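Trainee: I would like to go through some of the labels attached to this model and ask, for each one, what justifies it. Could we set the values against the cut-offs one at a time?

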Amino acid sequence: MSTTPLHARDEPLSLADQAFLQLQDRLIFLDIPPGAPLNEGRLSQELNLGRTPLREALKRLESEHLVVTYSRRGTFATTVDITALSEISQVREVLEPLAARLAAERRGGDARPQLEELRDRLTDPGNERLNRDEALRWDVRIHRAIYAGAGNSHLQATLERYSNLATRIWCVVADRIPELQEHITVHSALLTAVLEGAAEEAGTIMLNHVRDFETQIRQVL
């Protein structure tokens with residue numbers, strides 16, 4: 001599985017957008033550990049970006065609850081609040097099926113080529129046994145494509161925020177979840193339902209998928 005950026009867009013990205021997406025990726029997959037300081041000078045060199053776009057990105061990340069800034073102390077990656085799992089799941093159980101149904105009604109809309117590519121790649125023999133990091137990224141990429149396919153920018157932004165928080169919780173416990181691969185393979189049926197316009201089926205699959213996510217996490221806590 002490729003580890004290309006999770007937000008693939010056709011239009012050029014601003015420097016602040018580039019910094020935001022790269023840091024968001026590191027934060028949600030815990031490549032930047034929870035509680036770790038974010039040194040602006042070091043990040044500026046690593047990302048080959050100036051301080052201004054970097055600071056803009058950090059402000060956006062703070063609004064997404066992925067970093068927190070303290071006066072005189074600096075900026076830090078937020079801790080992973082596992083106790084928020086129930087509240088996050090309550091939101092996702094309502095909005096994720098809605099996004100799946102809307103995407104199916106539009107048969108993927110503008111995101112259809114991406115959804116078709118993702119479904120085709122699911123049948124690749126090389127994806128029969130993904131490692132932990134690949135499986136997590138695969139899950140996030142498919143969900144974000146469906147959000148885009150729903151054609152509602154407000155719904156998309158809300159779901160991406162909650163998906164990021166849920167993914168951070170998942171990363172904490174993923175090594176203890178033996179059914180991680182099974183959680184991923186359900187996407188084949190989900191993508192097919194969306195692409196074929198089966199709205200109710202897509203919504204039901206997504207609801208069960210989100211509930212299964214919470215159940216698997218609770219079993220290992």
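Trainee: What makes Arg-211 count as buried, partly exposed or exposed?

Mentor: In this predicted model, Arg-211 has a relative accessibility of 42%, and since buried means under 20% and exposed means over 50%, Arg-211 counts as partly exposed.

Trainee: With which residue does Arg-211 form a salt bridge, and how do you know that the term applies?

Mentor: The partner is Glu-93, and the closest N and O atoms are 3.7 Å apart, so the pair falls within the 4 Å that the term requires. Arg-211 belongs to helix α10 and Glu-93 to helix α4 (residues 85–105), so that the bridge, 118 residues apart in sequence, links distant parts of the chain. Glu-93, with a relative accessible area of 24%, is likewise partly exposed.

Trainee: Why is the contact of Arg-137 with Asp-25 called a salt bridge, and where do the two residues lie?

Mentor: Their closest N and O atoms are 2.9 Å apart, which means that the distance is within the 4 Å limit. Arg-137 is in helix α6 and Asp-25 in helix α1 (residues 15–28), distant parts of the chain that lie 112 residues apart. As for accessibility, Arg-137 stands at 6% and Asp-25 at 17%; the cut-off for buried is under 20%, so both ends of this bridge are buried. Asp-25 and Arg-137 also share a network of salt bridges with Asp-31.

Trainee: How many salt bridges does the rule give, and what can be said of the one between Glu-40 and Arg-55?

Mentor: The count comes to 10 salt bridges. In the one you mention, the side chains of Glu-40 and Arg-55 meet at 2.8 Å, N to O. Glu-40 is in helix α2 and Arg-55 in helix α3, so this pair ties together parts that are 15 residues apart in sequence. At 22% relative accessibility for Glu-40 and 44% for Arg-55, each residue counts as partly exposed. 

Trainee: Turning to the rings, how many aromatic pairs are there, and what makes the pair of Tyr-70 and Phe-76 stacked, tilted or edge-to-face?

Mentor: The structure holds two aromatic pairs. Tyr-70 and Phe-76 are 6.0 Å apart, centre to centre, with 55 degrees between the planes; a pair needs centres within 6.5 Å, stacked planes are under 30 degrees apart and edge-to-face planes over 60, so this pair is tilted. Tyr-70 is partly exposed at 38%, whereas Phe-76, with a relative accessible area of 15%, is buried.

Trainee: Why does the pair of Trp-170 and Phe-213 get its own label?

Mentor: The ring centres of Trp-170 and Phe-213 are 5.6 Å apart and their planes stand at 90 degrees, so this pair is edge-to-face. Trp-170 sits in helix α7 and Phe-213 in helix α10, 43 residues apart, and the pair thus links distant parts of the chain. Both Trp-170 and Phe-213 are buried.

Trainee: What do Trp-170 and Phe-213 have to do with the largest cavity?

Mentor: They are among the residues that lie nearest its centre, together with Arg-92, Asp-139 and His-143, in a lining of 11 residues. Two or more lining residues come from each of α6 (132–149), α7 (153–173) and α10 (199–220), and α7 gives the largest share, with four. The lining divides into four nonpolar, five polar and two charged residues. The volume of this cavity is about 70 Å³, and the structure holds one cavity of 30 Å³ or more.

Trainee: How do you know that Arg-60 sits over the ring of Phe-20?

Mentor: The charged end of Arg-60 is 3.8 Å from the ring centre of Phe-20, and the distance part of the rule asks for a value within 6 Å. Arg-161 lies over the face of Tyr-162 at 5.8 Å from the ring centre.

Trainee: Finally, what is unusual about phi in Asn-48 and Arg-72?

Mentor: Most residues other than glycine have a negative phi. Phi of Asn-48 is positive, near 55 degrees, and that of Arg-72 is positive too, near 70 degrees. Asn-48 is in the loop between α2 (40–47) and α3 (51–63), and Arg-72 in the loop between β1 (67–70) and β2 (74–77). With relative accessible areas of 70% for Asn-48 and 86% for Arg-72, against a cut-off of over 50%, both residues are exposed.

Definitions and conventions
Residues are numbered from 1 along each chain as its sequence is written. This is a predicted model: local features need pLDDT of at least 70, side-chain atom pairs count only at pLDDT 80 or more; totals for chains, interfaces and linings use all residues. Side-chain values use heavy atoms; hydrogens and water are left out. On a 1 Å grid over the protein atoms alone, a cavity is a set of points where a 1.4 Å probe fits but cannot get out, and a pocket is an open set with protein on both sides within 12 Å along at least five of seven lines; lining residues have an atom within 4 Å of a point. Grid points are joined across faces, edges and corners, and a volume is the space filled by probe spheres set on the points. Ala, Val, Leu, Ile, Met, Phe, Trp, Tyr, Cys and Pro count as nonpolar, Asp, Glu, Lys and Arg as charged, and the others, Gly among them, as polar. Buried means under 20% relative accessible area, exposed over 50%, partly exposed in between (1.4 Å probe, protein chains only). A charge sits over a ring if NZ of Lys or CZ of Arg is within 6 Å of the ring centre and within 35 degrees of the ring normal.
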